[in-house]
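Reader: I am new to this structure and would like a close look at one part of it. Could you take a single residue, describe its surroundings with care, and then work outwards from there?

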Amino acid sequence: TMTGWLVAILGFKLKLGTVMLPLIFIGTSLKLFFRGRVGTVGIAIAGFGLIFVGITTMQIAMDGVESFITPAQLPPDTWFGRLQLVAIGILSTIITQSSSAGVATTLAALYAGAVNFNQAAALVIGMDVGTTVTAVIASVGGSLNARRTGLSHVFYNFWTAFLALQLITPYTWLWNQFFPRALIDNAEIALVAFHTSFNLVGITCLLPFIKQFARIIMRIVPGKEATYTDTLNEALLEQPELALNAAQKALEAELLALLRHIAAILGDSPEKREDLSVLQTALDDTHAYLDRIHLFETPNPNWERLINQIHALDHLQRLHERCEEDEDRAQTAQVTPELIEDSQLLLMTLQNLVRLVQDCLLYTSDAADD
């Protein structure tokens, strides 16, 4: 809901469209001339500036719109009319794939007088529901937890939409009772406050039952997610040697996952790609687990083993970062004539390395069992 507040407080009151142009220039320059995080920060700065350029453009476009689009031409303020407006809000978000853009457009229309407050409130509710389509699309083909998260987003937004529809009438009544002119003079502020309020109410009602909600989602989307840190048992921390064995198993699983992922982005089977966000969480959990293994340097024989595992984890974290940031290089290598042969050779080497590591781990496991 923060975009709406920025639009309502800064966009309409301060007319920042022109002022933000130097900020956009700085952001795009950072993106053009720097890679990695600096470039990412640059594109974020440019995007932030473009919000206000967009608002200015919408305000210009909305000038005079009230002469041919009026609240009377839109569905009336009845239950059925509100549901129609919710449907329009959902459709607009599906088309634009951005509820923030839809809310900004609604604020501009409200500011211009093309819609009244209750109509704008119903549109914003629909736009909140419309974001679920983006979540569902993003989760298709994703990991089990990604699909569950997408579904939970759908359930949560429909729940808050149901609550919000009940709140429109009491909300407008309260404003008219305590601030009689506010819905006319500062309608855009009242609208973003309504947007924030019904989301906070939805969260407040759901949060105490989050475990039950999670169980329902897990029943609807059953399955077992492949994890890398199943061995990291809290009870083992009392026995440092056993804890180190558990951490080693996790590191081995994470190493294999990273090697398979690199092979996949170099041209191996696409289905062998790993979910890098899940893998990052596993690496962070392993790091936290190693931090909780307390040893003294001497004369403890496990000290060197702990240090080696910390070093290994550091290398895995760096490798994971490369997978996130440099995938485009791997794709370029596969279509660049001068690099195709080297790319294929590297892929074969990685495939052999994966098999070698698997064999070594299997042999080590068998020897330990014997």
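**A threonine and its surroundings**

Author: T106 lies in helix α5, where helices (H or I, at least four residues) and strands (E, at least two) are DSSP runs numbered from the N terminus. This is a predicted model, in which local features need pLDDT of at least 70 and side-chain atom pairs count only at pLDDT 80 or more, while totals for chains, interfaces and linings use all residues. Residues are numbered from 1 along each chain as its sequence is written, and side-chain values use heavy atoms, with hydrogens and water left out.

T106 counts as buried because its relative accessibility is 4%, the term meaning under 20% relative accessible area, with exposed over 50% and partly exposed in between (1.4 Å probe, protein chains only). Not counting residues up to four places away in sequence, T106 touches V115, A120, L123, V124, M127 and L191, a contact being heavy atoms within 4.5 Å.

One of these neighbours, L191, leads to the packing of α5 with α9, since L191 of α9 and T106 of α5 both take part in that contact. The two helices pack at an angle of about 145 degrees with their axes 9 Å apart; here axes are lines fitted to C-alpha atoms over the stretch in contact, and angles run from 0 to 180 degrees between N-to-C directions. Alongside T106, α5 brings V103, L107, L110 and Y111, while α9 brings A187, E188, V192 and H195 as well as L191. By class, this contact has seven nonpolar, two polar and one charged residues, where Ala, Val, Leu, Ile, Met, Phe, Trp, Tyr, Cys and Pro count as nonpolar, Asp, Glu, Lys and Arg as charged, and the others, Gly among them, as polar.

L191 also belongs to the largest nonpolar core, which has 40 residues and in which F117, I125, Y171, L191 and F194 have the most contacts; such a core is a set of buried Ala, Val, Leu, Ile, Met, Phe, Trp, Tyr and Cys residues joined through side-chain atoms within 4.5 Å. Among the helices that each supply at least two residues of this core are α5 (99–112), α6 (117–139) and α9 (187–206), and α6 gives the largest share, nine residues. Leaving aside neighbours within four places in sequence, Y171 is in contact with F117, A190, A193, F194 and S197. A second, separate core of 34 residues includes I262, L283, L316 and V354.

Seen as a whole, the protein chain has 15 helices and zero strands, and 39% of its 370 residues count as buried.
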